[in-house]
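Please follow the account below with the coordinates open. It begins inside the sheet and works outwards to the rest of the chain.

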Amino acid sequence: MSARRGTSDLEKESNYCMRYWGFLVGKLIAAGMLILVAWGALRWGFARPVYFDTRSDLFAHDLGYTLATMALSLFCFGLLYAAIWDQKYRCRTCLRRLRMPVQTGSWPNMFLIGRPRIEYICAYGHGTLRVPEEQISGSGTPDWHAHEDIWKELEALEELKK
Ligand SMILES: [Zn+2]
């Protein structure tokens with residue numbers, strides 16, 4: 001029976017994983033569509049009559065168009081960065097934004113209480129995200145710890161009291 005439950009937990013975790021990455025893919029698709037609309041608006045805004053088309057492209061020949069293209073590329077990179085950054089701080093189970101950042105650890109007491117990091121939790125108790133504070137070797141990989149069912153943990157505490 002425990003093996004059956006283990007398989008069920010694996011399926012549930014797989015579903016959560018699919019939902020988490022599916023949400024990121026959905027956000028990236030939405031961002032791509034927004035970028036296409038902005039690109040279309042840029043092309044429409046700088047449309048020229050066909051008989052005036054002496055050069056192949058306006059880019060690097062027309063200051064207004066080149067500046068608008070630069071602004072569009074900044075907008076695109078900002079949009080993609082925001083989508084990925086937002087995904088990092090979402091619960092892996094329910095996809096809600098993680099809340100209540102708490103700074104833990106300390107450099108002077110590193111061996112006692114660990115390195116400085118910021119911990120975020122899901123407001124519904126699904127897990128904790130630990131983000132290292134130092135950026136010595138690039139941005140540290142965030143560390144997600146899924147919590148057990150909160151009611152099971154409370155029942156276990158009640159059993160310990162008896
Ligand atoms: Zn959650």
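In this predicted model, T128 stands opposite H145 in β4. That pair belongs to the contact between β3 and β4, which run antiparallel to each other and are joined over four bridges. The sheet continues on the other side of β3, where β2 and β3 are also antiparallel, here over five bridges. Within this second pairing, E119 has R130 in β3 as its bridge partner. Beyond β2 comes β1, and these two strands pair in the antiparallel sense over four bridges; Q103, for instance, is matched with I118 in β2.

Taken together, the four strands make an open sheet in the order β1-β2-β3-β4, with antiparallel pairing. The edges are held by β1 (99-104) and β4 (143-146); each has a single partner strand, so one side of each is left without a neighbour in the sheet. From one strand to the next, the twist averages 20°.

The edge strand β1 deserves a further look. None of its six residues is buried, the number being zero, so β1 lies largely in the open. M100 lies in this strand and has a phi near 50°, a positive value in a residue other than glycine. M100 counts as exposed because it has 10 C-beta neighbours inside 10 Å, and the limit for an exposed residue is 12 or fewer.

The connection between β2 and β3 (127-132) contains A123. The hairpin formed by these two strands has five residues between them, and in it G125 takes a positive phi near 75°. A123 is exposed, with 12 other C-beta atoms within 10 Å. Apart from residues up to four places away in sequence, A123 touches R96 and R99. The second of these, R99, is separated from A123 by 24 residues in sequence, while their C-alpha atoms are 6.3 Å apart in space.

Where does the largest nonpolar core lie, and which residues form it? The core has five residues, namely C91, L98, Y120, C122 and L129. One of them, L98, can be followed through its contacts: leaving aside neighbours within four places in sequence, L98 is in contact with Y89, R90, C91, Y120, I121, C122 and L129. Among these contacts are the core members C91, Y120, C122 and L129. Burial is nevertheless limited in this model, since buried residues make up 4% of the 162 residues in the chain.

The loop between α2 and β1 contains L95. Phi of L95 is near 65°, again a positive value in a residue other than glycine. L95 is partly exposed, with 16 other C-beta atoms within 10 Å.

On the N-terminal side of this loop is helix α2 (residues 63-88). Its 26 residues should span 38 Å at 1.5 Å a residue, and the end C-alpha atoms are 38 Å apart, which agrees. The number of buried residues among the 26 is zero, so α2 lies largely in the open.

Helix α4 (residues 150-161) has twelve residues and reaches 17 Å from its first C-alpha to its last, close to the 16 Å expected at 1.5 Å a residue. Of these twelve residues, the number buried is zero, so α4 likewise lies largely in the open.

The overall layout can now be set out. The chain has four helices and four strands, and from the N terminus on its elements run α-α-β-α-β-β-β-α. Of the contacts in the chain with a separation of 6 or more, 39% are between residues 24 or more positions apart.

Confidence remains to be considered. The mean pLDDT of the chain is 84, and 86% of its residues reach 70 or more. By element, confidence is highest in α2, at a mean of 94, and lowest in α4, at 76. Where pLDDT is low, the predicted coordinates should not be read in detail.

Notes: Residues numbered from 1 in each chain as written. Predicted model: local features only at pLDDT ≥ 70, side-chain atom pairs only at ≥ 80, totals over all residues. Buried ≥ 20, exposed ≤ 12 C-beta atoms within 10 Å, placed from the backbone. Contact = placed C-beta atoms within 7 Å. Expected span 1.5 Å × (residues − 1). pLDDT = per-residue confidence, 0-100. Pairing = 2+ DSSP bridges. Axes fitted to C-alpha atoms, helices over the stretch in contact; angles between N-to-C directions. Core = buried A, V, L, I, M, F, W, Y, C linked by C-beta atoms within 7 Å.
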